[in-house]
Structure formats: structure tokens, C-alpha cells
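Biologist: I'd like to take a close look at a single part of this model, with the terms explained as we go. Please start with a helix and show me what it rests on.

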Amino acid sequence: MKYILVTGGVISGIGKGIIASSVGLILKSCGLHVTAIKIDPYINIDAGTFSPYEHVVPHITDAIQEWVVKQAKISVDDDGVEPQVCVIELGGTVGDIESMPFIEAFRQFQFKVKRDNFCNIHVSLVPQPSATGEQKTKPTQNSVRELRGLGLSPDLIMCRCATPLENAVKEKISMFCHVEPTQVICVADVSSIYRVPLLLEEQGVVGYICQRLDLPIEMRARKMLTKWKEMSDRSDRLLEHVSIALVGKYTKFSDSYASVIKALEHSALAINHKLEIKFIDSADLEPNTLQEEPVKYHEAWQKLCSADGVLVPGGFGVRGTEGKIQAISWARKKKKPFLDANSTEFHPESKHPVVIDMPEHNPGQMGGTMRLGKRRTIFKSNTSILRKLYGDAEYVDERHRHRFEVNPELKHHFEERGFHFVGQDVEGERMEVIELDDHAYFVGVQYHPEFTSRPIKPSPPYFGLLLAAAGKLQSYLQKGCRLSPR
């Protein structure tokens, strides 16, 4: 097994995730089997219970090295083949207290797996102050020096910068960071993140990594990369627009919905539309806001009413729930395309509970009680729109993360009114997918379809929402779920 550790310096949010996935993509395009691990530990019984607004103290277990080796061997491809390369993204910034235990763990790890099987990519910032317009190398020098002082030596230094690196700057980084100029890679701002793998490919990153880790490369036409380039070119020349209202509880921080946003982008790109997301705090749609801040209330409703489609992502707790229900009700009555991706808000004291605790959930305990991971959903209807979007599959395996579910005792009450539970779990006890009759697209799913969305293969529930929002869903279904060649 070959391991590629991606670390970051100077600032957080510098793009380690994009670099890690881009490296994985270009290696995969060479015929290699690649897997990836992202490490972001938290000192809590269940890190999933944190609000996206919270910052917390991390913790690392003693067994991280064995855990990495075990996870790296798990196949992530349909053919079940064990991966040859594992790309590990180490969260946080080098020098911060939270990343120290990780750095030490990987300092030891590099000797356990030997030099030929381990390399480090360090992502750093090269700022360009507007006062002088000069690219500054000192932050990168300091970051690399700190990383070396902690026992890791970067094989590739990927420099994030606004404009392409000047040769003199590249040579300066090479000189003071103890690497060859060819090991200094420029990752300048580009028109879209889909261009980053192409940028790395152009600078010989594949060749360097394969030579450094002695990896076998298939000498053949790289169809995957060609397809990726075509998609990147297409993303730069989109003319038509489609807007989606994202009604949630954490809209002040868009990263809270990173997976959801990417799934929407993937689907919009697949239908050749430029995506506009209208972020709406669900609490702003509620009557209380009308009384206290009427301007905010009317602005939120104006955003909702002007959108082509509505998406309500998952959330926990009571706050903002009424606003979400208001948005859902509006989408239902106005026939607006709508997708509810795993909503778990509830009223615990209700005499007629529609949403209830799962049987295995211990009431009152938050940590470690979710239904997590990949679970199978069986389609119970041959006419389901979502089933058709999944390629007329009999079942799908999607990732779950929830603590509550629809009360199965009320199933018949909903279905009498045209609200059909078209997907259920293997035992037929849990309601997984709902669809509403006589509506352009009104779908709710218990799972998180955004987690399996990919740029070249968008998530079917999200794809259906974008198709419906752009007025293309019926045409797509009539053509046997095929897009036009354009």
C-alpha cells in the first residue's frame, strides 16, 4: 500500500480537500485503485452531534496508525479490488495544537511503512498583498520549517496563489524549503475547482508521485481525464440559469451544507445550467420574524417565491422547524419542485407523532445513537419517479445519519391522500422515500443522497430536482432517462 499524506499550512480552508481529491482523480485515471481518508477528530462521544457553528477541541486515539492501515485496505470500487494508493487528508493547520497529535502519529507512521511507501504533499499559501503586488514566500517557508521541525518532510509543496507563480518565486521556495523546483507546484485560482486536477497533471504531479512511490502506470489513453476536461470546459460556458432555494438552519456558514451544495452543482452541470443558490434561514420564514423583523421576513419569502426549486436539508432540534414546514407547504401547494433530504425535526410531546424515535434509540441520550452508514432501500413502486432516476433499480444503497423516522402506523393515512412511501428498508418497517401525486417533483428521502454525488455522476434525487426546476424532467423521463447529446 502506498500512502500520500496531504497537510496544510498558514491558514485553514486553503484547499487540502480539493488537492487530495484531485491527486486521487489523476492517479485513478492512470488505472490505479485509489482510496481516501479524511481525518478530523473531536473529543466527544459522537462528533456528529456538534452544530456546524461550533469549534471544538480535537483528540486522537493511540490506535490511529493501525486504523489507517485497516481503512486503506477497504475497497471503494465496484470491482472489489483492494486499493493500491491511499490519499490521507489531515485536517487542521500545521502548528496548531489540534494537529500536533496527528503529525506525531504520521511521523512514526512513515517509518513503519518505509520511505518508498509514504510521501507528503504540503499545501501552503503564497499571498500577494495589493499594496506591492509581490508574491510573498515567507509564510510558506515558515510553514515548511515548522513541519520539518515536527518530523515530516514535504515531497511536493503545492502553493495556493491568486495568480500563477513567478519563476523567481518558485526558485526561492525551492531554495529555502529544500526541494527541487519541479517539486514546487503552482495551484493558482482557476475558473472552477474542476480544473485543479488538470492543473496538477500539466505540472507533472503524476509522474513525480509514481516515480517517488514506484507505482505502476498503465500506458494507455486516459479516457477518464479526457471526460473530466470536457466537463471542465463545459462548466465555463454555461448560459442558462436555474435557482434553488436552500431552506436550512445553518445558512450563515455555507460550508455547513458543503455536500448539499456540491450535489446541486453536479446536477446543474449535468443539465448545462448555471446554478444559483438562494440561502434562506428557515427561522426567517416564521410568523415570529414577521412581528419582530418584518423586512427580513418579507426578504426571505421573496427569495423562496422567486426560486425554481426548493431544497430542505437535514437538521436537528426544534429551532427553525416551523419555517421549514412553511416552505415545504408552499412548495407543495404551488407545485414547485421540492426535495427534502433527511429532515429530523420533531415535537417530542405531540399526541399524534408523525416522526418518532427509532426503536434502538435511547431517549435523552444524544451521542452514539444514530442510524449511521450505508443502508439498503427497496423500491415498492414500479412507477416511482425516483426509481426511474436511479435507472429503474429495484433497490439502492445510500448513506444514513438520523435518529428519528416516520411513524409506520400513519402510513395508510398519508397514502390515502396521494402521499406515497415508494421506498422502504429491507424489513419494510422504515419509510425511506416519499413522493406526492399530481406534482412536478415532490420527493423526500430519509438518507443523505448528497454523500454519493460525483461531478460526472450526480445524485439521482438532486438530479431530479434540478431537472424539474429547469422544466426538463418529463422530457428526460420520456426519453428513457437520457439527456440530449448537447
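Modeller: Happy to! Helix H7, residues 205-212, lies across four strands: S1 (2-8), S4 (118-125), S5 (156-161) and S6. Against S5, helix H7 runs at about 155 degrees. Before we go on, please remember that this is a predicted model: local features need pLDDT of at least 70, side-chain atom pairs count only at pLDDT 80 or more, and totals for chains, interfaces and linings use all residues. Residues are numbered from 1 along each chain as its sequence is written, and side-chain values use heavy atoms, with hydrogens and water left out.

Now for the terms. Helices (H or I, at least four residues) and strands (E, at least two) are DSSP runs, numbered from the N terminus. Contact means heavy atoms within 4.5 Å. For the angles, axes are lines fitted to C-alpha atoms, for helices over the stretch in contact, and the values run from 0 to 180 degrees between N-to-C directions.

Let's look at the sheet beside this helix. Six strands make up an open sheet, and their order is S2-S3-S1-S4-S5-S6. Their pairing is parallel, where two strands pair if DSSP finds at least two bridges between them. In general, strands of a sheet pair through backbone hydrogen bonds, either parallel or antiparallel. At the edges sit S2 (34-39) and S6 (184-188), each pairing on one side only. On average, neighbouring strands here are turned by 20 degrees against each other, direction ignored.

Follow the sheet to its S2 edge. There, S2 pairs with S3 (residues 85-90) in the parallel sense, over six bridges. If you find Ile 39, you will see Leu 90 of S3 standing opposite.

The cysteines make a good last stop. Cys 86 counts as buried because its relative accessibility is 0%; buried means under 20% relative accessible area, exposed over 50%, and partly exposed in between (1.4 Å probe, protein chains only). Cys 177 also has 0% relative accessibility, so it counts as buried too. A disulfide is a covalent bond between the sulfur atoms of two cysteines. Here it is taken as a pair of cysteine sulfur atoms within 2.5 Å, and by that rule the count is zero. For Cys 177, the nearest cysteine sulfur belongs to Cys 159 and is 7.8 Å away, and Cys 177 is in no disulfide.
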